[in-house]
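Colleague: I am new to this model and would like a friendly tour. Let's put it on the screen and begin with the side chains.

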Amino acid sequence: ALPIYPGNGAGYVRHVDNPNGDGRCITCIYYLNKSWDSKVHGGILRIFPEGKSYVADIEPLFDRLLFFWSDRRNPHEVQPSYSTRYAVTVWYFDADERAEAKEKFRNLLASGKIGR
């Protein structure tokens, strides 16, 4: 994925990348923002580690590579960005969990519980 935030105060609400066992186990983000100043541009990634009383604020600085667990251990959000913010996001998948998720999806399709 190539998330681009247009810089008009856009962000992303608190969420978990893999809340339902879809196979994603590690989130990898690579930032492409030269001369980024979070005090001016915003766009901080805030991670809320499960069971902790603190947050981790990650500035989207150029050439920074970030890894974190994709499941409920690391809810996160992107705070409002006031300059165009670029990142590349890639997920590492667990093959067994991914296969199980695909099978569940095929079964839901076959049963008519979800549309095609």
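Colleague: Which residue lies over the face of F48?

Modeller: A word of orientation: this is a predicted model, in which local features need pLDDT of at least 70, side-chain atom pairs count only at pLDDT 80 or more, and totals for chains, interfaces and linings use all residues. Residues are numbered from 1 along each chain as its sequence is written, and side-chain values use heavy atoms, leaving out hydrogens and water. A charge sits over a ring if NZ of Lys or CZ of Arg is within 6 Å of the ring centre and within 35 degrees of the ring normal. At 4.0 Å from the ring centre of F48, the residue to look for is R14.

Colleague: And the ring of W91, which residue has its charged end over that?

Modeller: Look for an arginine again, with its charged end 4.9 Å from the centre of the W91 ring. That residue is R24.

Colleague: How many aromatic pairs does a search of the whole structure find?

Modeller: Rings of Phe, Tyr and Trp (its six-membered ring) pair if their centres lie within 6.5 Å, with planes under 30 degrees apart called stacked, over 60 edge-to-face and the rest tilted. By that rule, the number of aromatic pairs found in the whole structure is zero.

Colleague: In what order do the elements of the protein chain run?

Modeller: Helices (H or I, at least four residues) and strands (E, at least two) are DSSP runs, numbered from the N terminus. The chain has two helices and eight strands. Read from the N terminus on, the order is β-β-β-α-β-β-β-β-β-α.

Colleague: Which strands stand at the edges of the open sheet that holds β3 and β8?

Modeller: Two strands pair if DSSP finds at least two bridges between them. This antiparallel sheet has four strands in the order β1-β8-β3-β6. One side of each edge strand is left without a neighbour, because each has a single partner; the two are β1 (4-5) and β6 (65-69).

Colleague: What is the bridge partner of C28 in β6?

Modeller: Strand β3, residues 24-31, is joined to the antiparallel β6 by five bridges. One pairing puts Y30 with L65. For C28, the partner in β6 is F67.

Colleague: On the β8 side, which residue does Y31 stand opposite?

Modeller: Seven bridges connect β3 with β8, residues 85-93, and the two run antiparallel. Opposite Y31 in β8 stands A87.

Colleague: There is another open sheet, with β2 and β5 at its edges. What is its average twist from one strand to the next?

Modeller: Its four antiparallel strands follow the order β2-β7-β4-β5, and the edge strands β2 (10-15) and β5 (56-58) each pair on one side only. Axes here are lines fitted to C-alpha atoms, for helices over the stretch in contact, and angles run from 0 to 180 degrees between N-to-C directions. From one strand to the next, the twist averages 20°.

Colleague: Which residue of β7 is the bridge partner of H15?

Modeller: Strand β2 runs antiparallel to β7, residues 76-81, with three bridges between them. The partner of H15 there is H76.

Colleague: Which residues does V55 touch, beyond those up to four places away in sequence?

Modeller: V55 is found in the loop between β4 (45-47) and β5. Contact means heavy atoms within 4.5 Å. Leaving out residues up to four places away, V55 touches R46, I47, F48 and P49.

Colleague: Is S35 buried or exposed?

Modeller: S35 belongs to the loop between β3 and α1 (38-41), and its phi is near 55°, a positive value in a residue other than glycine. Buried means under 20% relative accessible area, exposed over 50% and partly exposed in between, with a 1.4 Å probe and protein chains only. With a relative accessible area of 71%, S35 is exposed.

Colleague: What relative accessible area does D63 have?

Modeller: D63 also has a positive phi, near 70°, and its place is the loop between β5 and β6. D63 counts as partly exposed, because its relative accessible area is 48%.

Colleague: To finish, what share of the 116 residues counts as buried?

Modeller: The C-alpha atoms fill a box of roughly 50 × 30 × 20 Å, taken along the principal axes. Among contacts between residues at least 6 apart in sequence, 79% join residues at least 24 apart. Of the 116 residues, the buried share is 34%.
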